[in-house]
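This report considers how the chains of one model meet. It begins with a single chain and then turns to the interfaces on either side.

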Amino acid sequence: MSSLSTSLRAAQRPRRLARLRLLKRPHLSGLGWVGLAFVIAFCLLALLGPLISLDPNERTGGALEAPGADHWFGTDDLGRDVFARTAVGARLSLFVALGSVIGGLVVAVPIGLLAGYRGGTRLDNVLMRIMEALQALPVFILALFVVGMTGTGSSEFGPLTLTPEIKVIALLAVSFLPFFARVTRAATLVEVQQEYVDALRVVGVPRRHILFGELLPNVIPPVLVQGFLWVGIAVFAESALSFLGLGMQPPQASLGNLLSDATNSLMIGGWWLSVLPGLAILLVTIGINLLGDEVERLLSGRR
Amino acid sequence: MLSYAIRRAGGAAVVLLLVLTMVFLMLHAAPGGPETAYLGNNPTPEKRAAVLAQLGLDRPLWAQYLTFVGSILTLDLGSSLTTGTPVSELLADRMLVTLELGLVAFVVWTAIGMLAGALAAARRGRALDAVVRVGSVVALSVPSFWLGLILVLVFGLYVPGVLPSSGWATWDEGVGEHLRSIVLPAFTLGISAAGVIARTLRTSMIEALDADHVTFGRSLGLNERTILSRIALRNAVIPTVTVIGMMLGTFIGGAVLIENVFNVPGVGQLVVSSFLAHDYPVAIAATVWTAGTFLVATLVVDLLYFAIDPRIRAQFLERSTR
Amino acid sequence: MRTVVELPAGQAGDTGAGPLLEVSGLDVTYRTARGLLPAVRDVSFRVERGEVFGLVGESGSGKSSLVTALMRLLPRGSEITADRLEFDGTDLLTMPESRMRRLRGREIGLVPQRPMTSLSPVTPVAAQLRRLTGGEVDDARLHELLTDVGLGGLKARLGDYPFQFSGGQLQRMLIAVAVLAREPSLVLADEPTTTLDATVQAQVLRLLLDLRERLGNTVLLVTHDLGVVAQVCDRVGVMYGGRLVEVAPTRQLFEDPQHPYTRALLAAMPSNQARGERLRPIPGTVSGAQLLPGCPFAPRCDRATALCWEVDPEPTEHAGRTVRCHHPGSPA
Amino acid sequence: MTTTAVTESSTETPLVHVEGLVKHYPMRAKKRLGGRREPGADAQVVHALDGIDLQVRQGESVALIGESGCGKSTVAKVLVGLVRPTGGRVRVGGHDVVPVTTHDPAARRRVQLVSQNPWSALNRARSVKHILSQPIVLHGRASGKEAVAQRAAELLEMVGLPPEYLSRRPRDLSGGELQRVTVARALAAEPDVLILDEPTASLDVSVKATLVNLLSDLRAELGLTYVLITHELDIARHLADRVAVMYLGEIVESGSAEQVFGDPEHPYTRALLAAAPTELVIGRLHGDGLTGEVPSAIDVPTGCRFHTRCPMVAPACTTETPALQRRPDDRVVACLRIEELVGDNAPGTTTGRNLT
């Protein structure tokens, strides 16, 4: 009998081992590795770049010097180092992007969870209509309202001081709400179909606990993947806002400001002013998309 | 179909009302109220009272709200504070430009995206598939305004004269000139949408090819061509339409950006310039128009969905409400 | 017991010599993210012309993979190898895909497991059924086919979509196009009644058998339901852990099973126990059986010896049937 | 829709008392412009249940059998409070069943559910320990971390699983093991009645046998009362003392398991048994008593609901609704022609066509 049980264990072992391996070494495809490399490269630029570079706001060279050994990304029309400004801009973008996605998720996930749990009811309907209304206003228009009302600098709301960064984070978070809420709701609608939800209700588990203790752990992984993908979109949106003059204000360096400044020098040459900061954005958005696809694939178990 | 359309339009109207309410509240939530924008800093009390009376801001909030909604619904939009031109006139010119740019970009890029996605699914695992997979990720990742900037640089500085790198030629300036001026903005506006569409269609087609009904079709000797073009595509289009619907907002937001990059005289440019000039009647009208366009486009996608998915039709006709 | 039903002269059954389907040493392997997973291992059997051959096994035994492999419709990344895989004397394994495609539907028809999802949800049924019969069928003929499977009353509803029909109605439609329209000589029925209600299940089985009598085709019926096997099959193969462990004429198999698994499976059936008596489950679980080096059933077998754990038994003739066991025999 | 009240001969109060249970699901009828209903188009309803009476005594096991769409699962949902009935009364242990939306754990304790699909009945994100502890804590069956874990291990042992399983997650368990955990969770609240909704439908033959044994052992040991909902006649035969046969939202026959399985009287019961006999028949196709399929629950047939498929249909059956009536042997049957049918052993019901 003992031999039987050991062998039974042997028969089950391959399954366990396989799972362990999956945990230890992620099975990324070639594109997944490229994505990971891009994301790491951008993070290095954002986190280490400012430490090793020249002062981003001081004149450290001649005006409009092409990229070279002294100024890796060249200089702008005021003689400031473009690499230093790009690195600082990347750091700002990363901060704003992470802040806005996290902020958006914190508000949207409970809304989506509740709407999905009460799918098809009036509450669901009302919540989703509000989300739709928010979605009908592009983030730029929301930003225009806010900037039009409160100006582009810091503003005081009673005891609260809203820096431009906080304003942009809040704006982006609000504009992401509908998407995050929708994704959460869709995942919840599927999850609520599972028989365990009825079983918990029959047992008498309170609704609040079913929502946040039982449904949430199952709903959150696909939502987090979406959130991760939206970090790329947030980097883009932040730079777009600054580009339009609605986000960070010069001389503060942000990826969008750099591009906006570049338009001034566009016709007198200086391709590096517009190409290089933009490439930094492209790098992180491509990286996030490639990596996000991989995570989604691994999560859903597709091959 | 008609009753469905009416029901959906009703829903869209409710959302539009919500949007109006939000716009109204945002105007009034600003520190110092909406009049601040008109008055600048430190106005005299007399001037302040005059402006308040002129704008009707001395009345109760609900009355202001009703007036506000009423004026939008009756298209009584007032005149520009800076130029004095009636807002409706200003908007009419601009919206034709934006609609044309949006539609051209949308139609062309959707077609390209769908073609690429379908071909990639059909050639799964081959070179073409790899090209589409990488290409679609690059396309959907590229920041549109940056791409626009690069295009302006290339066509304005390095190869001038091939395509106009800025501005907008009206029909009056000649059909060829007009069309040439659309190329770059439309290219920039739609490219990321094409990436998303290609990717979605590829994934859903591959999923559809694994479906029971495709296996059954194969077991009866249907050729791959029929399976791909008649069965898998037909099923895969449904999730793709959903994604297109979800992207409409991004698309309209993108138009605001692109019009500013290429200096296209559309609503997107108007909305930015009017807000920055504190020209509120124009800004609000342009905002509401933008939201309205989004809602109409969403409505069209919904109806399309209704037309291509018989299950949605059946659900609408006999949905049990527990 | 029933053996081969007598057929009218000139129909299938006397067209050729030898079995209609001959399988020898068949392996089916899936490539998954976790490595290679054998689904069917070294399976050999033959299906004679005109018979109903049953393939029975619990979930994960490999029976559905086997049927899909016969049609060469396995998903990408799976592999089929065999010493011999012959249909009507021609090799299915080396046949070019274009010829295989012509065979599908014309020579070999498949009745699927899940009728509810086996038609595209977005196209009216009439258009689909016409398409599935290679476009050779006009409306009149389609109506005739459907009348033949007992759906004559649905004429007015053929513009409807699949989800507007019941599982039983859909399964009849699928049988009309897969079995009746082009009269393939071999019908592979993959759990054709599993998702249907009991009373409808009986109707669909009857339809399959009636058509077989009329058209003289051969049926390979895959099922997990021993009750279905007992009713309709001439001979039965029992699968466990990817292996075919016993092949026998139906009555012999049920009355005198030789393989310990067959015996245990029959004993576990609730209908084999009187009310109030305890049922007799098979101890242990099936998981991992495919991966064992020895006999897949050894961990759960009351006759297992050290030999069974190490050496996979070869199929042998025993008591008039093929058994794959080191210690075959009737229950003690 | 009128059914005579069916009471068991016993005088004791039944533990589960269902009386005149009706459940209709409204359908959104096609609307005309402006939202008014089209003239003549009444609001349609799905007749899930139309007047079900059921009594289950303490310690008894009653099976509701029938094919999909007959409403048997709705009965289960009403009994546990997941679905609010349209009409009628459902009492368990003298108390009305409260809907699950009412926050009252004590009221929830008496009736617990074992559902059909073990793979989705347990939260895959949670450990077995969490799954079992939840009802223990909620219903105050033990307090303190140790005591709760102790109790959870006891429950596992009760369903034949070792305590190591406490730390496992559902994905590490087989279908049969999962279903045992589901049973353990239902027992954790220490209920009086277990509603078993197709407990074995998705399990393999050999695993099924294990679960059937377990369920009968538990009933014997704990004195549980079962309401078993199933389409598997075999399972009902092994687990139930009494059986009620449902067709299109109504009970057509009800009696002891011996009566119903041994000597079915209603034409539908006969056809059902013929199609799925409880004993193995070799070389013969069974059950050609019935043609067609169960009619839509939206357009229920007039008169006897079974008349559209009944082999013994008479003109009266299409107009007159049969009531459940008590038979000499104390079972109840709803059939207008029951006297004639039972008298001369009607043809075409239990005889399968012999293919040999």
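## Chain B and its two interfaces

Chain B contains 13 helices and 0 strands. The model described here is a predicted one. Read from the N terminus onward, the pattern of chain B is α-α-α-α-α-α-α-α-α-α-α-α-α. The C-alpha trace of chain B spans about 85 × 65 × 35 Å along its principal axes. Of its 322 residues, 51% count as buried. Among the contacts in chain B with a separation of 6 or more, 70% join residues that lie 24 or more positions apart. The area that chain B exposes is about 14,300 Å², with carbon and sulfur atoms supplying 65% of it.

The table sets out the two interfaces.

| Interface | Residues in contact | Buried area | Share on carbon and sulfur | Salt bridges | Residue pairs in polar contact |
|---|---|---|---|---|---|
| Chain A and chain B | 45 residues of chain A, 50 residues of chain B | about 4,300 Å² | 81% | 1 salt bridge | 4 residue pairs |
| Chain B and chain C | 24 residues of chain B, 25 residues of chain C | about 2,100 Å² | 65% | 1 salt bridge | 8 residue pairs |

### Chain A against chain B

Contact between these chains involves 45 residues of chain A and 50 residues of chain B. Together the two chains bury about 4,300 Å², and carbon and sulfur atoms carry 81% of that area. Three residues, A:Leu144, A:Phe145 and A:Met149, supply 15% of the area that chain A buries against chain B, more than any other three residues.

The polar side of this interface includes 1 salt bridge. Its partners are A:Asp293 and B:Arg199, whose closest N and O atoms are 2.7 Å apart. In addition, 4 residue pairs across the interface are in polar contact, both residues of each pair being at pLDDT 80 or more.

On the side of chain A that touches chain B, the elements giving two or more residues are helix H5 (122-135), helix H6 (139-150), helix H9 (207-243), helix H10 (255-265) and helix H11 (271-300) of chain A. The greatest contribution comes from H11(A), with 12 residues. Sorted by class, this side of chain A has 30 nonpolar, 10 polar and 5 charged residues.

### Chain B against chain C

Here 24 residues of chain B and 25 residues of chain C take part in the contact. Chain B and chain C bury about 2,100 Å² between them, 65% of which lies on carbon and sulfur atoms. B:Asp212, B:Phe216 and B:Leu220 supply 31% of the area that chain B buries against chain C, more than any other three residues.

The interface of chain B and chain C also has 1 salt bridge. In it, the side chains of B:Asp212 and C:Arg114 meet at 2.7 Å, N to O. B:Asp212 therefore appears in two roles; it is one of the three residues named above for buried area, and it is a partner in a salt bridge by the cut-off of 4 Å between nitrogen and carboxyl oxygen. Polar contacts number 8 residue pairs between these chains, with both residues at pLDDT 80 or more.

The elements of chain B that give two or more residues to the side touching chain C are helix H9 (212-219), helix H10 (224-262) and helix H13 (310-317). H9(B) has the largest share of this side, with 7 residues. By class, the side of chain B that touches chain C comprises 8 nonpolar, 8 polar and 8 charged residues.

How values were computed
Residues numbered from 1 in each chain as written. Chains lettered and ligands numbered in written order. Heavy atoms only, no water. Contact = heavy atoms within 4.5 Å. Buried area = accessible area lost by both parts, 1.4 Å probe. Polar contact = N/O pair within 3.5 Å; in protein donor to acceptor, adjacent residues only side chain to side chain. Helix = DSSP H or I, 4+ residues; strand = E, 2+ residues; numbered from the N terminus. Nonpolar A, V, L, I, M, F, W, Y, C, P; charged D, E, K, R; others polar. Buried < 20%, exposed > 50% of the residue type's maximum accessible area, 1.4 Å probe, protein only. Areas by Shrake-Rupley, 256 points an atom, 1.4 Å probe, with all protein chains shown as cover.
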